[in-house]
Amino acid sequence: LIYPSYQSIQDQRLAPPLAMLKLHFHPGAAYKVLVMMEELGIPYEIQWVDIPSGEQKSESYRAKNPLGKVPCLELESGEVIYESSAIVEFLADAYPDKGFAPAVSDKNRARYLKLHYLMAATVEKHIWLNTYVLGDAECKLSDAKKTMVSSEWSSIEKTLESEVTCCEGPFLFGDTVSSLDFSLGFSASWAKYMGMLDSERTPKLVEYSERLQKRASFELAFGLRKREDVEALNGKSV
């Protein structure tokens, strides 16, 4: 028996261009997915998910994402991808010619994956904790646990500041922007908006975040704050 190579299988699975994509969206982590699609220049449609009314918990939405969370990306095949970092990584790998992700054989791939998963598993979790748990006036965490969370965030800050300081250019991989920049740019912008970053503790990270926010893709994404904004954008793309 002659088995196809792993690379040939990957080429078949990820053969671009992907057909029209539908992003189920609400302001938040969906921003970085939208940034990724804008940077790729691919066609897409945005479906507003009304979180205040509980739409994300509806039976129809849970059929797409059983976790009842936003975002998720619906492919024309009917397959749905959820978890924003997974969506960003999938899209970057689906269009290797765009150069938004180091190849598997590239020496930068290890750092790329390490920081992508740091964003998903650690950084965004801590921003969420600080925003929705510690920031809640009725938070019942003990002082010891609050101190532990704050101490962990301090370590995260220092790690991210170190990562952007050692860059030999405006982006994490020098002069080449990648999907990792879109993920970190989103997380840093969110943290700064919530008052968790400042230019005294993390000057390079704040500067990096502000530089990415000036990109057209970030300006478009962060400009979507309500259903009417999404409807207007969909209307322009028709």
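A residue is called buried under 20% relative accessible area, exposed over 50% and partly exposed in between, with a 1.4 Å probe and protein chains only. By this rule, Arg215 counts as partly exposed because its relative accessibility is 23%. The model is predicted, so local features need pLDDT of at least 70 and side-chain atom pairs count only at pLDDT 80 or more, while totals for chains, interfaces and linings use all residues. Residues are numbered from 1 along each chain as its sequence is written, and side-chain values use heavy atoms, with hydrogens and water left out.

Arg215 is a good place to start. It forms a salt bridge with Glu39, the closest N and O atoms being 2.9 Å apart; a salt bridge is a side-chain nitrogen of Lys or Arg within 4 Å of a carboxyl oxygen of Asp or Glu. The two partners are 176 residues apart, with Arg215 in the loop between helix 8 and helix 9 (216-222) and Glu39 in helix 2. Helices (H or I, at least four residues) are DSSP runs numbered from the N terminus. Glu39 counts as buried, because its relative accessibility is 18%.

The structure holds 10 salt bridges. In another of them, Glu157 pairs with Arg201, and the closest N and O atoms are 2.7 Å apart. This pair also links distant parts of the chain, 44 residues apart: Glu157 lies in helix 6 (residues 143-165) and Arg201 in the loop between helix 7 and helix 8. Glu157 is at 6% relative accessibility, so it counts as buried, whereas Arg201, with a relative accessible area of 45%, is partly exposed.

Glu89, found in helix 4, offers a contrast. Glu89 is buried yet has no salt bridge, and the nearest side chain of opposite charge (Lys and Arg count as positive, Asp and Glu as negative, with His and the chain ends not counted) is that of Arg109, 4.1 Å away. Beyond its neighbours within four places in sequence, Glu89 is in contact (heavy atoms within 4.5 Å) with Arg109, Tyr112, Leu113 and Tyr117.

Tyr112 also appears around Phe100, which it touches. Phe100 sits in the loop between helix 4 and helix 5 and counts as buried because its relative accessible area is 8%. Not counting residues up to four places away in sequence, Phe100 touches residues including Met36, Glu39, Leu40 and Phe182. The C-alpha atoms of Phe100 and Leu40 are separated by 8.6 Å, although these residues are 60 apart along the chain.

Terms used:
Helix = DSSP H or I, 4+ residues; strand = E, 2+ residues; numbered from the N terminus.
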